[in-house]
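Thank you for asking me to look through this entry. My comments are set out as numbered points, to be read beside the sequence and the coordinates.

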Amino acid sequence: VTSARTVKELQDNKLDKTDLKDASTTQKGIVQLNNTLTSSATDEALTAAQGKELNDKFTSLFSNLKSPNGYQKLPNGLIMQWCVGAGAFSQVEQNVVLPISFPNSCLFATSGVESDSFSDTANGWFFVTSKSLSSVTVHCQSATTSWSVAIRPIIFSIGY
């Protein structure tokens, strides 16, 4: 139960609709919510559900694996990948499997040498002989007949 005096105070102090201002970056106020990601409205706020959807899309568009055998996906569909093959001191040709398969095409692949010893790296090199959606084949060329430590092909590729 409320007294007549309390009711009168509430009535006198109630907000008038003209008291409700539109919110802006400089003013507190009322804002309309928008539950779509395709709206071009600049005077409406994104709902929490659409904020989550936007975050999920952003995360999937930029998915990646940060490791010696990894990749980075970009929103335009390009994928960059890098990986290290097995020690190649006993192999002339090596098929290096990429971390993920390209959905459509491997546009570019190149190879370098990784080694535990500079002298062994200086005596051998790799070059790409073929590429597919899921792997890159490299050929090992040697200036010597054997290495004391393994040299490994390192691959960098771009595709979509």
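The points below go from the sheet to the core, then to the charged pairs and the surface.

1. The model is a predicted one, and the comments here should be read with that in mind. The element to begin with is an open sheet of 5 strands, in the order E3-E4-E5-E10-E7, with antiparallel pairing. Its edges are strand E3 (64-65) and E7, each of which pairs on one side only.

2. On the E3 side of the sheet, E3 is joined to E4 by 2 bridges, and the two strands run antiparallel; here Leu 65 stands opposite Tyr 71 in E4. Strand E4 (residues 70-73) is in turn joined to E5 by 4 bridges, again in the antiparallel sense, with Gln 72 having Met 80 of E5 as its bridge partner. The hairpin of E4 and E5 has 5 residues between the strands, and Gly 77 in this hairpin takes a positive phi near 100°.

3. Which strand pairs with E5 over 6 bridges? The partner is E10, and this pairing is also antiparallel. Within it, Trp 82 has Phe 156 in E10 as its bridge partner.

4. Strand E5 (residues 79-84) deserves a closer look, since in a regular strand the side chains alternate between the two faces of the sheet. In E5, Ile 79, Gln 81 and Cys 83 point to one face and are buried, whereas Met 80, Trp 82 and Val 84 point to the other face and are not buried. Met 80 and Trp 82, already met as bridge partners of Gln 72 and Phe 156 respectively, thus both belong to the face that is not buried.

5. The largest nonpolar core has 14 residues, and those touching the most other members are Leu 98, Val 136, Val 138 and Ile 155. At least two residues of this core are supplied by each of E5, E7, strand E9 (135-142) and E10, and the largest share, 3 residues, comes from E9. With neighbours within four places in sequence left aside, the contacts of Val 136 include Leu 98 and Ile 155, together with Val 96, Ala 109 and Val 128, but also Gln 94, Asn 95, Ser 130 and Lys 131.

6. A polar residue that I would inspect alongside the core is Ser 157, which lies in strand E10. Is Ser 157 buried or exposed? Ser 157 counts as buried because its relative accessibility is 0%, and the cut-off for buried is under 20%. Residues up to four places away in sequence not being counted, Ser 157 touches Ile 79, Met 80 and Gln 81, as well as Leu 98, Phe 102, Cys 106, Phe 108 and Ala 109.

7. The structure holds 3 salt bridges, and two of them can be described together as pairs placed within helices. Arg 5 and Glu 9 meet through their side chains at 3.4 Å, N to O; because they are 4 residues apart in helix H1 (residues 4-13), about one helical turn separates them. Arg 5 is exposed, with a relative accessible area of 64%, while Glu 9, at 41%, counts as partly exposed. In helix H2, Asp 56 and Lys 52 are likewise 4 residues apart, about one turn of the helix, and the closest N and O atoms of their salt bridge are 2.8 Å apart. Of this pair, Lys 52 counts as exposed at 53% relative accessibility, and Asp 56 is partly exposed at 37%.

8. The side chains of Glu 114 and Arg 152 also form a salt bridge, at 3.2 Å from N to O. This pair links distant parts of the chain, with Glu 114 in strand E7 (residues 106-115) and Arg 152 in strand E10 (residues 151-159), 38 residues apart. Glu 114 counts as partly exposed at 32% relative accessibility, whereas Arg 152, at 16%, counts as buried.

9. A last point concerns the surface, where Phe 58, Leu 61 and Phe 62 form a nonpolar patch with about 280 Å² of accessible area together. Leu 61 has its place in helix H2 (residues 48-61) and is partly exposed, with a relative accessible area of 40%.

Note on methods
Residues numbered from 1 in each chain as written. Predicted model: local features only at pLDDT ≥ 70, side-chain atom pairs only at ≥ 80, totals over all residues. Heavy atoms only, no water. Patch = residues over 30% accessible without salt bridge, like charges linked within 9 Å, V, L, I, M, F, W, Y side chains within 5 Å. Areas by Shrake-Rupley, 256 points an atom, 1.4 Å probe, with all protein chains shown as cover. Salt bridge = Lys/Arg side-chain N within 4 Å of Asp/Glu carboxyl O. Buried < 20%, exposed > 50% of the residue type's maximum accessible area, 1.4 Å probe, protein only. Pairing = 2+ DSSP bridges. Core = buried A, V, L, I, M, F, W, Y, C linked by side-chain atoms within 4.5 Å. Contact = heavy atoms within 4.5 Å.
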